[in-house]
Amino acid sequence: MTAPPLPRTVRCPACGGPSLYAPENRFRPFCGERCKLHDLGAWASESFRVEVQEDDGADAAPPSSAQ
Ligand SMILES: [Zn+2]
């Protein structure tokens, strides 16, 4: 019993819609050219930002040895 060769679909990173993840979709993992271009544009403008490293307070754990 083998699975039928269904086209694999992934979630489009740009619009969140179903995107065909196959060689015939040259915009994968995006669903289309529009989403790919949109994402690239956003990514490009995003790269102009200063990278912010969020300190999650890893070494700021309050000591619970009060008692
Ligand atoms: Zn899309």
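The questions and answers below go through a predicted model of one protein.

Reader: What pattern of helices and strands does the protein follow when it is read along the sequence?
Author: The model, which is predicted, holds 1 helix and 2 strands. Strand 1 covers residues 9-11, strand 2 covers 18-20, and helix 1 covers residues 33-46. Read along the sequence, these elements give the pattern β-β-α.

Reader: In which element is confidence highest, and in which is it lowest?
Author: Across the protein the pLDDT averages 79, and 69% of the residues score at least 70. Where pLDDT is low, the predicted coordinates should not be read in detail. Confidence is highest in strand 2, at a mean of 95, and lowest in helix 1, at 77.

Reader: What share of the residues in the protein is buried?
Author: A residue counts as buried if 20 or more other C-beta atoms lie within 10 Å of its own. Among the residues that do not count as buried is K36 of helix 1, which is partly exposed because it has 19 C-beta neighbours inside 10 Å. Of the 67 residues in the protein, the buried share is 7%.

Reader: Is P29 buried, partly exposed or exposed, and where is it found?
Author: P29 is found in the loop between strand 2 and helix 1, and the peptide bond leading to it from R28 is cis, with omega near 5°. Because P29 has 17 C-beta neighbours inside 10 Å, it counts as partly exposed.

Reader: Which residues does P29 touch, leaving out those up to four places away in sequence?
Author: P29 and R11 are 18 residues apart along the chain, and their C-alpha atoms are separated by 7.5 Å. For P13 and P29, 16 residues apart in sequence, the C-alpha atoms are 7.2 Å apart in space. With residues up to four places away left out, P29 touches V10, C12, P13, S19 and Y21.

Reader: With which residues is P13 in contact, leaving aside its neighbours within four places in sequence?
Author: P13 has its place in the loop between strand 1 and strand 2. It is partly exposed because 15 other C-beta atoms lie within 10 Å. Beyond its neighbours within four places in sequence, P13 is in contact with P29, F30 and D39.

Reader: How many ångströms separate K36 and P13, C-alpha to C-alpha?
Author: K36 has its place in helix 1, and it touches F27 and F30 when residues up to four places away in sequence are not counted. Although K36 and P13 are 23 residues apart in sequence, their C-alpha atoms are separated in space by 8.7 Å.

Reader: Why does L37 count as partly exposed, and how far is it from A14 in space?
Author: L37 lies in helix 1, and it counts as partly exposed because it has 13 C-beta neighbours inside 10 Å. L37 and A14 are 23 residues apart in sequence, and the C-alpha to C-alpha distance between them is 9.4 Å.

Reader: What share of the contacts with a separation of 6 or more joins residues 24 or more positions apart?
Author: Two residues are in contact if their C-beta atoms lie within 7 Å. Among the contacts in the protein with a separation of 6 or more, residues 24 or more positions apart account for 7%.

Technical notes
Residues numbered from 1 in each chain as written. Predicted model: local features only at pLDDT ≥ 70, side-chain atom pairs only at ≥ 80, totals over all residues. Helix = DSSP H or I, 4+ residues; strand = E, 2+ residues; numbered from the N terminus. Buried ≥ 20, exposed ≤ 12 C-beta atoms within 10 Å, placed from the backbone. pLDDT = per-residue confidence, 0-100.
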